[in-house]
Amino acid sequence: MIGYAGITLALVASILAVGFYGAAVQRTKTEGIKIQQTAQWVYRLSTGLIGIAASYLLYLLLNDQFEYAYVAGYSARELAAAYKISAFWAGQEGSFMLWLVFHAVFGLLLSSKPATPVRTMAAYSLLQAVILVIVLIKSPFMMLTQVPPDGNGLNPLLQDPWMVIHPPVIFLGYAALAVPFSYAIHGMLSGQHEEWLTAALPWALFALSSLGAGIFIGGYWAYKVLGWGGYWAWDPVENSSLVPWLAAGALVHMLILAKVRVSAIRQSYLLGLFSFILVLYGTFLTRSGVLSDFSTHSFADEGVGGLLGFIVLLVAFASFALYIVKYHTMPLGELYLRLDSREFILALTALVLAFFGLLVFAGMSTPLVTKAFGAAKSLGTSFYNNATLPLAMAMAVALAAGPLVKWGKPAGDNWKSSWWLGIFFAGGVVLALWLQLSQPIIIAIVALSAAALAATSYAGFRRWLTPAAVCSHMGVILLMIGIMASGAGSRSETVTFVQGQEQMVFGEKLTFTGAETDRSNLAVYTNFKAGAYSSPIAALTKLNKFGEPAAREPGIYRSLLADIYLAPIAVEEKQGEELTLSKGQTLMLDDVSLKFVKFTMKGMDGSEPVRVEAFVEVSANGQIEEVRPEIASQNGRIIGSTVSAFKRYDIHLIGIKPGEGKIVIEFKDTQAAQAAGTVQLEAEVSHKPLINLVWLGASLITAGAAWAGIKRSAVSKQTLEKGQSPASGTIYKAQGK
């Protein structure tokens with residue numbers, strides 16, 4: 001009741017806030033201020049109620065309240081506290097709730113600023129009401145009629161520190177993009193087309209930073225955990241967050257240009273609207289079930305697809321209708337005067353990002369479009385890889401030329417005196433050839449990126465670019481070099497390892513040293529030694545409670561210039577000896593004896609899967625250890641578990657014959673098997689040159705955007721404290737005074 005009540009009352013309060021903010025616009029200044037204060041109070045009440053509902057959901061998760069379907073579906077008693085917290089956003093319902101929480105908090109920050117226009121708050125409150133409707137319909141507070149003793153738990157793949165933070169960071173970006181959208185609505189409704197630019201820019205930069213950080217964290221998790229060797233698969237769900245990020249990047253560049261040339265305001269409006277509508281569209285696409293056949297981590301349709309589709313159409317129609325109506329009132333003028341000016345480079349950068357987003361948008365929408373004409377189809381990675389290369393080259397050109405040009409002035413002497421960039425271009429060609437890259441366009445991208453790196457460094461030294469811009473531009477350049485090198489320059493081969501034998505693979509010494517099960521019997525480590533210093537690395541296989549592989553993580557040998565990526569395919573070991581033991585019987589095998597003592601059965605009351613636990617005494621070297629392998633029936637399958645005695649003897653329960661009082665086990669002396677050198681491992685080994693530039697570039701982009709956002713926010717605050725209009729700088733520069 002607490003959760004439902006909180007969401008319902010918050011929805012009522014948000015709708016009232018929209019009404020009060022709307023009414024404040026219509027009244028005189030004195031009356032308007034009083035109504036605005038009431039609207040602020042009501043909005044804060046809505047935020048407080050959302051906070052209560054979210055806190056209640058967290059309480060349910062931390063206290064194993066499995067009478068709630070969401071808690072039973074995504075949490076479990078044995079989950080670590082961190083993963084119980086991350087279960088908050090593991091499912092559709094919780095992720096919508098998380099989005100709502102961030103949206104409400106950002107709204108609280110906006111409402112606390114007296115300079116925030118009431119139209120902005122009205123639009124923002126209306127969006128909050130829309131998200132509340134979704135959460136109310138797709139509620140995490142639905143209760144079960146029959147309470148299970150335990151929950152299903154979190155997917156083992158998601159039990160990773162990076163996945164604890166990945167969704168919240170993404171949703172920070174989603175929520176932040178609602179702010180420039182709301183400011184754009186205010187600008188069009190009020191006709192104050194320059195007023196919203198200064199206030200919207202820090203939020204756009206924050207969204208660019210947080211959304212980018214979330215995307216990069218997800219990519220790193222995929223590289224580290226999934227085991228297919230890459231960080232980006234052009235999965236439609238991945239693309240659904242990439243497109244708003246690209247739109248946010250284009251918006252940032254166009255907002256900066258609009259502060260110099262008001263003619264860019266029209267494009268800024270479009271990008272401000274698109275950025276958030278693309279968030280809604282991506283949400284619809286990934287949660288409507290449309291992509292369930294094409295993405296491994298798409299949500300199935302759980303009854304909200306129609307609602308989300310309606311919301312996307314409604315918001316898009318209302319926004320673009322307003323844009324069309326107000327289009328004739330927007331400032332006119334030339335976007336740029338010269339091709340060798342900073343205005344042109346900024347416009348080119350925004351255009352490249354927009355085209356990039358459009359291309360990915362078309363690709364990820366293909367299943368939806370083709371489904372309307374019959375059979376749904378999806379585009380492969382080759383489409384994206386090939387189609388984006390020309391755009392990457394255009395971006396490299398912009399990054400190389402941009403730092404050397406100035407506002408409204410020809411590059412002139414700067415071009416003539418920049419002959420030294422040719423040396424770096426040639427160096428880039430040499431680097432590409434050293435990396436064994438063969439495609440001319442990829443070689444050109446690497447070479448242009450090397451020149452861009454030099455141009456950006458020089459511009460930073462001469463203070464032609466701000467430090468934040470230098471940081472983020474460096475990040476983009478390094479990211480492009482890293483993507484080209486680790487993608488086109490990557491090499492893979494399947495290698496069969498014999499335990500203990502050293503092999504040279506891609507110039508590195510690799511030795512498979514064996515596999516071991518951890519004490520909890522929930523993970524198996526496949527161990528290697530790699531490199532000149534025999535550094536230990538391990539590939540991890542997570543097991544479910546029935547001993548079956550549930551998730552695999554590769555082993556990665558990291559070095560400055562390249563990673564060696566080890567993804568075990570299968571372990572082929574000499575099979576153990578199959579033995580049948582009668583109850584009370586002792587069986588001698590060389591220097592070890594086995595005695596089957598008894599077995600017990602669990603789950604016969606139907607509360608859990610039926611399991612049979614065998615008690616086996618293992619005697620060796622005058623010591624006795626009792627082990628209890630299990631066998632269970634689940635979904636019509638009989639699954640046995642493996643246990644280890646004295647960390648040497650593996651006993652796997654294969655079957656049980658209750659009527660005869662017998663069990664069948666597989667027994668293996670692991671030390672003897674290792675000594676015989678019979679343990680082999682087949683693994684895919686990949687060489688990833690300059691992969692570290694991907695992570696370094698991603699970090700610099702995120703840091704640079706955040707840095708710029710903080711600086712722009714400070715500038716906006718100082719402008720308001722001086723009593724100036726947020727648009728004062730824009731008007732001055734636009735008129736060229």
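This text walks through some salt bridges, a surface patch and several paired strands of a predicted model.

Start with the charged side chains. The structure holds seven salt bridges. One of them joins Lys 84 and Asp 64, with 2.9 Å from N to O. Lys 84 belongs to helix α4 (residues 81-86), while Asp 64 sits in the loop between α2 (29-62) and α3 (69-74), so the salt bridge ties together parts that are 20 residues apart in sequence. How buried or exposed are the two partners? Lys 84 has a relative accessibility of 8% and Asp 64 has 17%. Residues under 20% count as buried, so Lys 84 is buried and Asp 64 is buried.

A second salt bridge links Arg 261 with Glu 343, where the closest N and O atoms are 3.5 Å apart. Which parts of the chain does this pair tie together? Arg 261 lies in the loop between α9 (236-258) and α10 (265-287), and Glu 343 lies in helix α12 (residues 342-372), so the parts that are tied together are 82 residues apart in sequence. Both Arg 261 and Glu 343 are buried.

The salt bridge between Arg 628 and Glu 626 has an N to O distance of 3.1 Å. Arg 628 is partly exposed, at 42% relative accessibility. Glu 626 is also partly exposed, with a relative accessible area of 38%.

Helix α12, which holds Glu 343, also contains Phe 355. Together with Leu 351 and Leu 358, Phe 355 makes a nonpolar surface patch of about 300 Å². The relative accessibility of Phe 355 is 45%, which means that Phe 355 counts as partly exposed.

Now turn to the strands. Strands of a sheet pair through backbone hydrogen bonds, and the pairing is either parallel or antiparallel. Strand β3 (residues 508-517) and strand β4 (residues 523-530) run antiparallel and are joined by seven bridges. One example is Thr 517, whose bridge partner in β4 is Val 524. The hairpin of β3 and β4 has five residues between the strands, and Asn 521 takes a positive phi near 60° in this hairpin.

Strand β4 also pairs with strand β5 (residues 535-543), in the antiparallel sense and over eight bridges. Here Tyr 525 has Leu 540 in β5 as its bridge partner. Between β4 and β5 the hairpin has four residues, and Gly 531 takes a positive phi near 85° there.

Further along the chain is an open sheet of four strands. In what order do its strands lie? The order is β9-β18-β17-β16, with antiparallel pairing. Strands β9 (577-582) and β16 (642-645) are the edge strands, each pairing on one side only. From one strand to the next, the twist averages 35°. At one edge of this sheet, β16 is joined to strand β17 (residues 649-657) by four bridges, and the two run antiparallel. Within this pairing, Ala 645 stands opposite Tyr 649 in β17. As a help when looking at such strands, the side chains of a regular strand alternate between the two faces of the sheet.

Conventions:
Residues numbered from 1 in each chain as written. Predicted model: local features only at pLDDT ≥ 70, side-chain atom pairs only at ≥ 80, totals over all residues. Heavy atoms only, no water. Salt bridge = Lys/Arg side-chain N within 4 Å of Asp/Glu carboxyl O. Buried < 20%, exposed > 50% of the residue type's maximum accessible area, 1.4 Å probe, protein only. Pairing = 2+ DSSP bridges. Axes fitted to C-alpha atoms, helices over the stretch in contact; angles between N-to-C directions. Patch = residues over 30% accessible without salt bridge, like charges linked within 9 Å, V, L, I, M, F, W, Y side chains within 5 Å. Areas by Shrake-Rupley, 256 points an atom, 1.4 Å probe, with all protein chains shown as cover.
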